[in-house]
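Welcome! Let us walk through this protein together, starting with its overall build and then visiting its metal site and its empty spaces.

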Amino acid sequence: MKAVYTERHRSHDPQFYLVRGVVKRTTEQPERADRLLKGLAAGKHTLVEPTVFGQGPRARIHSPEYLRFLADAWEEWTAIGDAGTEMIPNMHPVRQAATYPTHIVGKLGWHTVDTSAPIGPGTWDAACAATDVAATAAQLVMDGEDTAYALCRPPGHHAYRDQAGGFCFLNNSAIAAAHLRQKHERVAILDVDVHHGNGTQGIFYESPDVLTVSIHADPTRYYPFVWGYAHERGAGPGLGTNLNIPLPLGTKDDGYLQALGIAEKTIAAFAPTALVVALGLDASEHDPLAGLAVTTDGFRRIGAAIAKIGLPTVFVQEGGYLSDLLGTNLTAVLAGFEGAR
Ligand code: ZN
């Protein structure tokens, strides 16, 4: 299948990652893309450069003030004079009425849900390139390809309409879905990342036209902790168009495939005409973020099960961190898909 990729992701190389009070090197590193590229090469997929769509696809999902904040963030940050080498928020104005701030430190807090999305000098450019990658894959499918894969970095599914978090800035999966909506009245997003796709859920929570389904590690014990529960089902006109399937930590292939069967039935009942797969590979038994325990053969089976949903499909890369099997698991899921198509 065609796989969309650009080197422009390399300008985003975050360092800071705060885990249970300990500062570590972030797991969302440029080398991830190198390992994923090896997986694409092993599967003999065809690399294509993204089309530059510009702000249009981003603006369908994200607010104007958020896009302006991200575009200007680094310049405003460095103008402070004594600021650090990455933008890390030190306040979050959540759950209380507040006023949109003018100071960059205030805006940084306003537009982030956590400390896991450090902004550096090349973040905006890389995040924009990733949205072009996602929109290009969606466009390929709209133009007649059965399937396309988008190697997006940074990932996107934790990003809300106007907030970054969890290594994510612009929601590539949501952008792909909104792009498909130009042609397809109803689109489903199936998120198989080990983490709940909270940003995607938030963006489409009241939308009756986009079904969001997420299979992920139990949020009572795993990030993002405050979203991802089964009772979150959508709201208003979108009530019933959000399905969360939290799984016990350590769930293996059979348990995962069982959950996928439930997801498939829900997608079939919604009757969409296109599918976006938010393809995290961090449910792997060897992923450093250790949530679920899917094997390489499990990823092949996941790919085959997704193929049987029978919809034009855009795969958008989400999480999946540095393990020896990262590329191998990408090869497996795409081979499983193609073998069952
Ligand atoms: Zn993840």
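A residue counts as buried when its relative accessible area is under 20%, as exposed when that area is over 50%, and as partly exposed in between, using a 1.4 Å probe and protein chains only. By this yardstick, 59% of the 341 residues of the protein are buried. Please keep in mind that this is a predicted model, where local features need pLDDT of at least 70 and side-chain atom pairs count only at pLDDT 80 or more, while totals for chains, interfaces and linings use all residues. Residues are numbered from 1 along each chain as its sequence is written, and side-chain values use heavy atoms, with hydrogens and water left out.

The protein has 10 helices and 10 strands, which are DSSP runs numbered from the N terminus (H or I and at least four residues for helices, E and at least two for strands). Its radius of gyration is 18 Å, close to the 20 Å that the globule rule gives for 341 residues, so the protein is as compact as a globular protein of that length. Here the radius is taken over C-alpha atoms, and the rule is 2.2 Å times the number of residues to the power 0.38.

Now to the metal. Which residues hold the zinc ion? Its protein donors are Asp193, which appears twice through OD atoms, His195 through ND1 and Asp282 through OD, lying 2.0 to 2.8 Å from the ion. Donors are N, O and S atoms within 2.8 Å of the metal (3.2 Å for Na, K and Ca), and sites may look incomplete, since water is not among the atoms. The angles among the 4 donor atoms run from 51 to 151°, and the site is irregular. That word covers anything that is not tetrahedral (four donors, all angles between 85 and 135 degrees), nor square planar or octahedral (four or six donors, respectively, with opposite donors over 155 degrees apart and all others between 65 and 115). His195 sits in the loop between strand 6 (187–191) and helix 7 (198–204), and Asp282, 87 residues apart from it, in the loop between strand 9 (274–279) and helix 9 (296–307), so the pair links distant parts of the chain. Both His195 and Asp282 are buried.

Next come the empty spaces. On a 1 Å grid over the protein atoms alone, a cavity is a set of points where a 1.4 Å probe fits but cannot get out, and a pocket is an open set with protein on both sides within 12 Å along at least five of seven lines; lining residues have an atom within 4 Å of a point. Grid points are joined across faces, edges and corners, and a volume is the space filled by probe spheres set on the points.

The largest pocket holds about 550 Å³. It is lined by 21 residues, and Tyr17, Val19, Arg20, Tyr223 and Phe225 are the closest to its centre. Two of these deserve a second look. Arg20, in the loop between strand 2 and strand 3 (22–25), has a positive phi near 50° and is exposed, with a relative accessible area of 78%. Phe225, in the loop between strand 7 and strand 8, has a positive phi of about 65° and is partly exposed at 45%. A cis peptide bond joins Tyr223 and Pro224, with omega about 10°.

The largest cavity holds about 60 Å³. Strand 7 (210–217) gives the most to its lining, with 3 residues.
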